[in-house]
Amino acid sequence: MVEQFPGRATGRTSKSSSQRSSIIERVTTIIIGAGHAGLAASRCLTEQSIDHVVLERGEVANSWRRERWDSLRLLTPNWQTRLPGHRYEGSRPDDFMTMAEVVAFVSRYAEIARAPVRTQTAVTSVTRVDDGYHVVTDRGELRARSVVIASGACNIAQVPALRDALPSSIQSLTALEYRNPQQLADGGVLIVGASATGVQLADEIRRSGRRVVLAVGEHVRLPRTYRGRDVLWWMDASGVWNQRYDEIDDLTRARKLPSPQLVGTPERVTLDINALTAAGVEIAGRLAMVRDGRALFSGGLRNMFALADLKMNRLLDTFDEWARTANGSAPVDAPAERFEPTQVPDKPRLDLDLRDGSIQTVIWATGFRPDYRWLHVPVLDAKGYLRHDGGIVDSPGLYTLGLPVLRRRKSSFIHGSEDDARDITTHLAQYLAKVPVKA
Amino acid sequence: MAQTKTVNNGVNVDALLAARKALTDAPQAAKFAWRASCKWQNGTHSDTKVQGFFGLGQEQKHRTEFSFSADHPEIFASEDLGATPVEYVLVGLASCLTAGVAAVAQNRGIQLRSVEAKLEGTMDIQGILGIDSDVRNGYDDIKVTFHIDADASKQEIEALVAQSQKRSAVYDIVTNPTNVSVVVA
């Protein structure tokens, strides 16, 4: 029931490219993707009078419209949701935007920024040419001296190969395909993965009355509020979110970290493993194998919890230390607090019969990855990720935006695009000024 | 983590980090094969030897051959000429986690004074005796208790032990399923 991702990648439109090759439109910069990151880049380029177009496979904010489940709200509070020259101005600053509100917010931004967006224009190929890049779309071809890839970090659901070993009676779907519990067969659900996605789906599906087993690997535990303030306020105020990519010890790991166990609700509830256990979700270890119709889980659950609890407490220590040294300037009244350690089930489940009918559905909340099948420039590493230095891709004039921890820890979030877009477009402008246009 | 004095746990972390870097660039060299050769002696008694292994693209050897006798205790009507095989599993887990604690401590600049671990694996032997098919053969639970004396806070020591589990081969082997093919040559 989900529109198949990724619209832009494969050869759904190759017939027209050769016919129109005589008309190659020239533009200084092409931005691929009219989501929040691409539009932030467009705004910054407009400020610098750099002529550009934004190519969008669908509509503005396409992924927010079509590739999210119904109940999803942003993890960041409204007051934090901002883009260059645009911020939330409603009456509920501490609330969290629904997807409809995000789409409205981003669409309004495209309007006020007068972004030169071409919707329903899917990029099918980008290649390097002498003076820049040749970009083929399903509506014609373009040449540009520079390209900003802002096509998103979550185009494809990553699913482990052990999906193929599921019994055929099981309905298997990814988080990109999930919309709401009504879409699922009656009966139990195994959810694989305990990032923000996994915990939100576990909670929602459990509330629909179904049995839910959640397979938990490495995860990031956070309370929704700490000392009376939103935990993401702390990330912002204490400077953690501003930590630069080149100051992070293990950047590869930081970029692959699962999203934190958070949910945006008006009640600002915490949705960690303890909350899910209290709601009746059964917690198991990481899904390690499916053999003879049985799911086998890791026996290392206790250490997964220990790691997540230790990391959360270290982060809270950082917050407390910041609040203490900021003296009177930190607007925090409530004292430091520590949360209950994650409760390990008495007998953690090591296996689960997938053939006896008690489980009808498996949902893969095992992460996402970008889709670069249209990118024919040798800038991908062995695992298919872009090689880039803080968004400056390893090919002259090629840039990217909107990836996790791109230039700062906050890059993974909408408001993180603001500083990143300014940095990247500044570099891009210097590149254009430095490299003369060939005659 | 700033270090004001030199920490020495006898672990050459620089060499380990250099190896990590080298193997990131040459992933083929990271393919290892570990081997053991076992010979039945009598009854439940066997001797297993290890010496050769494969790694870094070629055959390798321990400096000497190591030998391990395994048997069962007298209450199983055996001669008790060695530790039981399931105890060897505890040996492997204990030594792997302990080596990990030392390496992680060295990398984090934590001086260790003593590290001791007590292990207990519980088992219902109705499984191996075939009395009740609902009872598994192996351990139903393994508990490892570390006593660590080091220049570090309790939280830092807990983090050491957590990281050691995260990077441990034997911990992974014991906690996750592994494909095993036993064939007759």
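What share of the contacts in chain B between residues at least 6 apart in sequence join residues at least 24 apart? The points below take up this question and others about the model, which is a predicted one.

1. Contact range in chain B. Among contacts between chain B residues at least 6 apart in sequence, the share that joins residues at least 24 apart is 50%. As for burial, 15% of the 185 residues of chain B count as buried.

2. Secondary structure and extent of chain B. Chain B holds four helices and six strands. Their order along the sequence is α-β-β-β-β-α-β-β-α-α, with a helix at the start and two helices at the end of that pattern. Taken along the principal axes, the box filled by the C-alpha atoms of chain B is roughly 60 × 40 × 30 Å.

3. Domains of chain B. Two domains are assigned in chain B: domain 1 covers 27-83 and domain 2 covers 84-175. Their centres, taken over C-alpha atoms, are separated by 20 Å. Domain 1 of chain B gives five residues to the contact between them, and domain 2 of chain B gives four residues. On the side of domain 1 of chain B that touches domain 2 of chain B, four residues are nonpolar and one is polar, with no charged residues.

4. The interface between the chains. Where chains A and B meet, twelve residues of chain A are in contact with ten residues of chain B. Two elements of chain A each give two or more residues to its side of this interface, namely strand E16 (287-291) and helix H9 (301-325). The largest share comes from H9(A), with five residues. By class, the chain A side has six nonpolar residues, five polar residues and one charged residue.

5. The largest nonpolar core. This core has 137 residues. The members that touch the most other members are A:Ala41, A:Val147, A:Val148, A:Leu190, A:Ile191, A:Leu214 and A:Ile363. Helix H9(A) supplies the largest share of the core, eleven residues. H9(A) thus appears in two roles in this note, since the largest share of the chain A side that touches chain B also comes from this helix.

6. Surroundings of A:Ile191. Which residues does A:Ile191 contact, leaving aside its neighbours within four places in sequence? They are A:Gly198, A:Leu201, A:Ala202, A:Val212, A:Leu214, A:Ile363 and A:Ala365. Among them, A:Leu214 and A:Ile363 are, like A:Ile191, listed with the core members that touch the most other members.

Methods
Residues are numbered from 1 along each chain as its sequence is written. Chains are lettered from A and ligands numbered from 1 in the order in which they are written. This is a predicted model: local features need pLDDT of at least 70, side-chain atom pairs count only at pLDDT 80 or more; totals for chains, interfaces and linings use all residues. Two residues are in contact if their C-beta atoms, placed from the backbone, lie within 7 Å. Ala, Val, Leu, Ile, Met, Phe, Trp, Tyr, Cys and Pro count as nonpolar, Asp, Glu, Lys and Arg as charged, and the others, Gly among them, as polar. A nonpolar core is a set of buried Ala, Val, Leu, Ile, Met, Phe, Trp, Tyr and Cys residues joined through C-beta atoms within 7 Å. A residue is buried if 20 or more other C-beta atoms lie within 10 Å of its own, exposed if 12 or fewer, and partly exposed in between; C-beta atoms are placed from the backbone. Domain bounds come from an automatic or database domain assignment.
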